[in-house]
Amino acid sequence: MFDAQPNRAFSYSLSFHAGQYRLYMYDRAGGVYSHSYDLHESPLPLLRILCATAFAPASWLGMDDTFDCRLHPVITVDATQYFIIAKCFSSSVIWGRATNVWFVAKSILAGSDPNNIFVVKDSWVNVERQLSEEQILEALKDVECVPKVKEAWTVQRDGQDDSTSLRRPAAFMSHFQRPCDHRTHRRLVLTPAGRPITHAASPLEVVTCLLDLVIGKEFIFRFDVV
């Protein structure tokens, strides 16, 4: 579901077994579930769930309002809308960073000009990381062949930073034996946009890419950039 709907932040599901039912919620920090309810003794919670599924706004059911996947997909970064040209990379994991990378342009017509194409990286970042990706790239901005950050933004949901903690109140998580994996929904706009190494036109291009990686890594260690 998450792979087919890149604009989905979380998902609900129901399970039924032996006259009992549970509600599950899955997002980038894994899954949580409700107590088991008896269909005959507790029909009201099930009715509420079904009504919410039928009538609640799409954002309450897990869809991301800042990512429009209709005829011409548009992804928002802060106040700027970018038209998606093509997918560069998509992670298939549910629990984790769940990184999606897109080639984008500010307009459909601009997408025909390579100089107007950018990369949007959408991921769920662990808040316990000492350095963010934006900080690392900023420290490496003078290194040749390292992409530059054009914009950085935390996705907003109902006026708050979108994070897995929004769906995991502390009182609710106290019933579970494991700590919550707190992740924040971040987007970076990077430039310039290059082709994935898997699309290299020749072995020489592959070797050139690997050489750039070695040079960049040497620069980092030599000058203690990060």
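Colleague: Which residue holds the cysteine sulfur closest to that of C88?

Modeller: This is a predicted model, where local features need pLDDT of at least 70, side-chain atom pairs count only at pLDDT 80 or more, and totals for chains, interfaces and linings use all residues. Residues are numbered from 1 along each chain as its sequence is written, and side-chain values use heavy atoms, with hydrogens and water left out. The closest sulfur to that of C88 is 12 Å away, too far for a bond. It belongs to C209.

Colleague: How far is the sulfur of C69 from the closest cysteine sulfur?

Modeller: The closest one sits in C88. A bond is ruled out because the two sulfurs are too far apart. The distance is 17 Å.

Colleague: How many disulfides does the rule count?

Modeller: A disulfide is a covalent bond between the sulfur atoms of two cysteines. The rule asks for a pair of cysteine sulfur atoms within 2.5 Å. The sulfur of C88 has its closest partner 12 Å away, and that of C69 has its closest partner 17 Å away. The count is zero.

Colleague: Is C69 buried, partly exposed or exposed?

Modeller: Buried means under 20% relative accessible area, exposed over 50%, and partly exposed in between (1.4 Å probe, protein chains only). C69 has 35% relative accessibility. So C69 counts as partly exposed.

Colleague: How many strands does the protein have?

Modeller: Helices (H or I, at least four residues) and strands (E, at least two) are DSSP runs, numbered from the N terminus. The protein has four helices. Its C-alpha trace spans about 70 × 40 × 35 Å along the principal axes. The strand count is 13.

Colleague: What share of the 226 residues is buried?

Modeller: D27 is one example, with a relative accessible area of 0%. R167 also counts as buried, at 13%. For the whole protein, the buried share is 35%.

Colleague: Which residue does a cis peptide bond join to T191?

Modeller: Most peptide bonds are trans. Here omega is about 0°. The partner lies in the loop between strand 13 and helix 4. That partner is P192.

Colleague: What is the phi of D78?

Modeller: Most residues other than glycine have a negative phi. D78 is not a glycine, yet its phi is positive. It sits in the loop between strand 6 (74–77) and strand 7, and is partly exposed at 48%. Its phi is about 60°.

Colleague: Is A98 buried or exposed?

Modeller: A98 lies in the loop between strand 7 and strand 8. It has a positive phi of about 50° although it is not a glycine. Its relative accessible area is 3%, so A98 is buried.

Colleague: How many salt bridges does the rule count?

Modeller: A salt bridge needs a side-chain nitrogen of Lys or Arg within 4 Å of a carboxyl oxygen of Asp or Glu. D122 and R187 qualify, with their closest N and O atoms 2.6 Å apart. This pair links strand 9 and strand 13, 65 residues apart. The full count is 13.

Colleague: Which residue forms a salt bridge with D27?

Modeller: The closest N and O atoms are 3.4 Å apart. D27 is in strand 2 and its partner is in the loop between strand 12 and helix 3, so the pair ties together parts 140 residues apart in sequence. The partner is R167.

Colleague: Which residue forms a salt bridge with E205?

Modeller: The closest N and O atoms are 3.2 Å apart. E205 is in helix 4, and the partner is ten residues away, in the loop between strand 13 and helix 4. E205 is partly exposed at 29%, whereas the partner is exposed at 52%. The partner is R195.

Colleague: What is the volume of the largest pocket?

Modeller: On a 1 Å grid over the protein atoms alone, a pocket is an open set of points with protein on both sides within 12 Å along at least five of seven lines, and lining residues have an atom within 4 Å of a point. Points are joined across faces, edges and corners, and a volume is the space filled by probe spheres set on them. Here that gives about 1,200 Å³.

Colleague: Which helix gives the most to the lining of the largest pocket?

Modeller: The largest pocket has a volume of about 1,200 Å³. Of its 32 lining residues, those closest to the centre include R195 and L213. L213 is found in helix 4. With seven lining residues, the top contributor is helix 4.

How values were computed. 1 Å grid on protein atoms, 1.4 Å probe; cavity = no way out; pocket = protein on both sides within 12 Å on 5 of 7 lines; lining within 4 Å.
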